[in-house]
Amino acid sequence: MDMMKIIAVPMHPEGRKFVALFGVLSLLLLLVWEPLFWAGLVVTVWCYYFFRDPVRSVPQTEGLILSPADGVVSLITQAAPPADMDLGDAPRWRVSVFMNVFNCHVNRMPAGGTIRKIVYHKGKFVNASLDKASEHNERNSLSVDLDGDGGDIGIVQIAGLVARRIVCFSETDDRLDAGERFGLIRFGSRLDIYLPDGVQPAVALGQTAVAGETILADLNAPDRTWSAKTI
């Protein structure tokens, strides 16, 4: 195994200014007291690690819905998508992936498709692991028409207790491939994924998810429905 591939993980450009800021502050702290410099250096290294953007092995099988974020599957429930996403008012399976401050925060497209709508909401910053965060927290919602006849999905970037900035690189009418980067959230947050109508989740609560690699659902599965009692 090449250790440099583990240590020298590429950093997303969004993090450069933060790493530079922490680096400068660390040097200034050196003029005050040397132990403060080392503490600042640790924070600088952590900031670099937070904004890491590793290469992912994206499955090429058609019909897969992949995790848009690194983290833990914190919620699996049936819920109607927010009305402004134009995904209908019927309940769908919603899978939530919670990202802590040590997870990679680059968000990736769950499946190939075209962004039909993007809606940003100001809001609170309660703990993103709580169910009410889907409704009350600052969030950015994307409605995506999947390629072919796969239907549509909803993706919601939700700011958390520490997060204070949601970034979306994509725009309405952009077409993205599965695993392609579409945004990130700074410093702890959550992603909600509303699966296509009638499609069942293929993950379990507490499961670790990897953006662009972990399969959340399979449109090719013979039984696309699931009872809530199985969750």
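The following dialogue works through several features of a predicted model.

Biologist: Which secondary-structure elements are there in the chain, and how many of each?

Modeller: The chain has 13 strands and four helices.

Biologist: What share of the contacts with a separation of 6 or more links residues 24 or more positions apart?

Modeller: Such pairs account for 73% of those contacts.

Biologist: How much of the chain is buried, and what is its accessible surface?

Modeller: Of the 231 residues, 46% are buried. The accessible surface comes to about 11,500 Å², and carbon and sulfur atoms contribute 60% of that area.

Biologist: How should one read strand pairing, taking β2 as the case?

Modeller: A general point helps with any sheet: in a regular strand, side chains alternate between the two faces. Here, β2 pairs with β3 in the antiparallel sense over seven bridges. One position to inspect is Leu-75, whose bridge partner in β3 is Ser-96. Strand β2 also pairs with β12, residues 208–209, again in the antiparallel sense, over two bridges. There, Val-72 stands opposite Thr-208 of β12.

Biologist: Which residues touch the most other members of the largest nonpolar core?

Modeller: That core has 30 residues, and those touching the most other members are Ile-65, Val-144, Ile-155 and Leu-195. Two or more residues come from each of β2 (71–79), β3 (92–99), β6, β7 (152–159), β10 (181–185), β11 (189–194) and β13 (215–218). The largest contribution is that of β3, with four residues.

Biologist: What does Ile-155 touch, leaving aside residues up to four places away in sequence?

Modeller: The residues touched by Ile-155 include Met-85, Met-109 and Pro-110, as well as Asn-140, Ser-141, Leu-142 and Val-144. Phe-182, Leu-191 and Asp-192 are also among them.

Biologist: Which residues belong to the other core?

Modeller: Apart from the largest core lies another of seven residues, including Phe-18, Val-19, Phe-50 and Leu-184.

Biologist: Where does Glu-138 lie, and is this residue buried or exposed?

Modeller: Glu-138 is in the loop between α4 (133–136) and β6 (139–146). Glu-138 counts as buried because its relative accessible area is 7%, and the cut-off for a buried residue is under 20%.

Biologist: Which side chain makes a polar contact with that of Glu-138?

Modeller: The side chain of Tyr-120 does, at 2.6 Å from that of Glu-138. For a link along the chain, one may consider Ile-166: Glu-138 and Ile-166 are 28 residues apart in sequence, with their C-alpha atoms separated by 8.3 Å.

How values were computed. Residues numbered from 1 in each chain as written. Predicted model: local features only at pLDDT ≥ 70, side-chain atom pairs only at ≥ 80, totals over all residues. Heavy atoms only, no water. Buried < 20%, exposed > 50% of the residue type's maximum accessible area, 1.4 Å probe, protein only. Contact = heavy atoms within 4.5 Å. Areas by Shrake-Rupley, 256 points an atom, 1.4 Å probe, with all protein chains shown as cover. Polar contact = N/O pair within 3.5 Å; in protein donor to acceptor, adjacent residues only side chain to side chain. Core = buried A, V, L, I, M, F, W, Y, C linked by side-chain atoms within 4.5 Å. Pairing = 2+ DSSP bridges.
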